[in-house]
Amino acid sequence: MTRIRTNRWQRAAGALAALALVAGACGGDDDAADAPADEPAEAPAEEPAEDPAEEPAEAPAEEPAEEPADEVEVTQDGGILAAVQARGVLNCGVSGAAVAFSYTDADGSMNGIDADYCRAVAAAVLGDADAVEFTSLTAAERFTAVQTGAVDVLMRNSTWTQSRDTEVGMDFGPTTYYDGQQLMARASDDFTGQSSVEEIDGAIVCTNAGTTTETNISELAAELGISITLNTFDDYDQVTDAFIAGTCDVITTDGSGLVGRKAVQEPEDQSWVIFPATPISKEPLGPVYAQNDSQWADVVNWTVYATLIADENGVTSADVDDALAGEFGAEMVRLLGGEGEKQTFMGLSADAFYNVISQVGNYQEIWDANLTPVGLDRTGSANALWTDGGLMYPPPAR
Ligand SMILES: N[C@@H](CCC(=O)N[C@@H](CS)C(=O)NCC(=O)O)C(=O)O
């Protein structure tokens with residue numbers, strides 16, 4: 001686990017102000033919540049015997065009426081939002097070794113679509129896309145970091161599965177990249193892009209531990225009746241190094257991961273090919289956070305939806321002011337904090353998603369900044385908008 005900090009404490013002041021707001025609301029409720037349990041005898045709020053003639057001085061029992069129900073309701077949920085607002089920095093779990101998703105660059109910065117979604121959540125919650133502390137986690141470490149609260153959210157090319165969504169205690173946000181597992185081998189070993197999985201019979205196959213990748217390839221090999229030697233490593237740098245060194249015949253993971261590795265590491269004297277053409281599994285990759293904090297889930301989910309709704313409406317980081325002024329329709333006005341905005345009901349500032357689109361961009365901009373450079377084409381893929389035949393279908397902002 002390694003931590004990278006970027007540009008965070010400047011916002012502490014603003015976040016503390018937000019905290020003061022939240023604390024004001026919470027205090028009342030928490031106290032109330034505690035009291036009844038401990039002191040049943042004293043607080044029979046009902047007191048039926050009251051004489052109507054007398055002024056009911058004890059009106060505070062009705063106190064919640066003064067506070068708008070939403071705010072009180074919201075602040076009682078789980079607590080990760082309030083914790084991040086108080087801390088002034090978002091603790092975001094990433095890989096740090098996943099090309100185009102979250103990769104630690106030579107200058108120490110963390111780049112990729114997952115890193116950008118960390119920044120998007122920070123922009124939504126703290127108004128500052130740079131108020132992020134990135135924590136690099138191996139596949140095997142990642143869910144423990146969520147369970148222990150070491151990270152507030154995980155943006156680490158993690159596949160949404162039934163077991164992770166239940167027994168592992170995670171909740172999953174909207175898929176930010178629809179992927180599928182593929183394999184990569186050398187053309188010099190007679191593999192092509194049209195090769196089938198049966199052709200790896202007898203091969204040494206490598207991947208990283210703690211992934212759906214291992215179970216998928218083991219299960220498929222058994223179904224196909226082929227035998228493989230599966231070697232796993234802590235992270236994908238080690239996997240790719242072993243492949244380049246020739247100790248692995250084939251490597252496998254999400255197709256996007258193979259495309260990224262081929263783009264940045266294929267040696268001059270080798271030709272790497274990715275197959276089969278149709279992936280062997282579904283790998284819906286997206287945000288992961290702790291179960292049972294629906295307020296935090298809403299914040300992360302609608303941050304992702306905001307980037308897709310802006311994409312749907314053709315609103316880029318350069319258009320936000322025109323969009324807020326109404327030039328792209330009422331939905332964008334609401335989403336960016338204008339008339340009819342819904343962000344404050346979520347415990348966020350009205351301009352939360354204005355900050356996301358202006359500081360990080362819409363989904364297509366995030367794609368172009370991170371995935372296009374390694375050769376990943378969105379057109380005609382499952383990651384296209386529903387209006388273009390893809391699966392990206394954000395709910396309406398109303
Ligand atoms: N999506 C799969 C695989 C995720 C995974 O670990 N992918 C590799 C290949 S891109 C990765 O992130 N490697 C970077 C690392 O090992 O840190 C899962 O959720 O289990």
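These legends describe close-up views of a predicted model.

**View 1. The ligand and its shell.**
The ligand has 21 residues around it. Among them, S95, N157, T159, N208 and D254 come nearest. By class, the shell holds five nonpolar, ten polar and six charged residues. β7 gives the most to this shell, with four residues.

**View 2. Polar contacts to oxygen atoms of the ligand.**
Two arginine side chains and one backbone appear in this view. In the side chain of R142, an N or O atom is 2.9 Å from an oxygen atom of the ligand. For the side chain of R156, the corresponding distance to a ligand oxygen is 3.1 Å. T212 takes part through its backbone: an N or O atom there lies 2.9 Å from an oxygen atom of the ligand. How much of the ligand does the protein bury? Taken alone, the ligand exposes 490 Å², and the protein buries 98% of that. Five elements give two or more residues each to the shell: β3 (97-98), β7 (153-159), α7 (212-224), β13 (250-254) and β15 (283-290). Several of these elements return in the views below.

**View 3. Helix α7, from T212 to the turn after it.**
The helix α7 covers residues 212-224. T212, whose backbone lies 2.9 Å from a ligand oxygen, is one of the buried residues of α7. The others listed as buried are T213, E214, N216, I217, L220 and A221. Several of these positions are three or four places apart, as with T213, I217, L220 and A221. An α-helix has 3.6 residues a turn, so residues at such spacings point the same way. Does the length of the helix agree with or depart from what is expected? At 1.5 Å a residue, the 13 residues of α7 should span 18 Å, and the end C-alpha atoms are 18 Å apart, so the two agree. Just after the helix, G225 takes a positive phi of about 75 degrees.

**View 4. Strand β13 and two of its partners.**
Five of the five residues of β13 are buried, so the strand is largely enclosed by the rest of the structure. Strand β10 (residues 181-186) pairs with β13 in the antiparallel sense, over four bridges. Here L183 has T252 of β13 as its bridge partner. Strand β11 (residues 204-208) pairs with β13 in the parallel sense, over two bridges. In this pairing V205 stands opposite V250 of β13. D254 comes among the residues nearest to the ligand, and β13 spans residues 250-254.

**View 5. Strand β15 and three antiparallel partners.**
β15 is mostly covered, with seven of its eight residues buried. Which strands does β15 pair with here? One is β7, joined to β15 by three bridges and running antiparallel. T159 has L285 of β15 as its bridge partner. T159 is also among the residues that come nearest to the ligand. Strand β8 (residues 170-172) is likewise joined to β15 by three bridges, antiparallel. F172 stands opposite V288 of β15. Strand β9 (residues 177-179) runs antiparallel to β15 too, with three bridges. D179 has E283 of β15 as its bridge partner.

**View 6. The open sheet β3-β4-β5.**
Three strands form an open sheet in the order β3-β4-β5, with antiparallel pairing. Its edge strands are β3 and β5 (110-111), each pairing on one side only. β4 and β5 pair over two bridges. Y103 has N111 of β5 as its bridge partner. β3 also gives two or more residues to the shell around the ligand.

**View 7. Unusual backbone geometry in three loops.**
Most residues other than glycine have a negative phi, and most peptide bonds are trans. The backbone departs from this at the places shown here.
- A100 has a positive phi near 75 degrees. A100 lies in the loop between β3 and β4 (102-104). This residue is buried, with a relative accessible area of 9%.
- N292 has a positive phi near 65 degrees. N292 lies in the loop between β15 and α10 (294-312). At 69% relative accessibility, N292 counts as exposed.
- F275 and P276 are joined by a cis peptide bond, with omega about -10 degrees. P276 has its place in the loop between β14 (272-275) and β15.

How values were computed:
Residues numbered from 1 in each chain as written. Predicted model: local features only at pLDDT ≥ 70, side-chain atom pairs only at ≥ 80, totals over all residues. Heavy atoms only, no water. Near = heavy atom within 4 Å. Polar contact = N/O pair within 3.5 Å; in protein donor to acceptor, adjacent residues only side chain to side chain. Areas by Shrake-Rupley, 256 points an atom, 1.4 Å probe, with all protein chains shown as cover. Nonpolar A, V, L, I, M, F, W, Y, C, P; charged D, E, K, R; others polar. Expected span 1.5 Å × (residues − 1). Buried < 20%, exposed > 50% of the residue type's maximum accessible area, 1.4 Å probe, protein only. Pairing = 2+ DSSP bridges.
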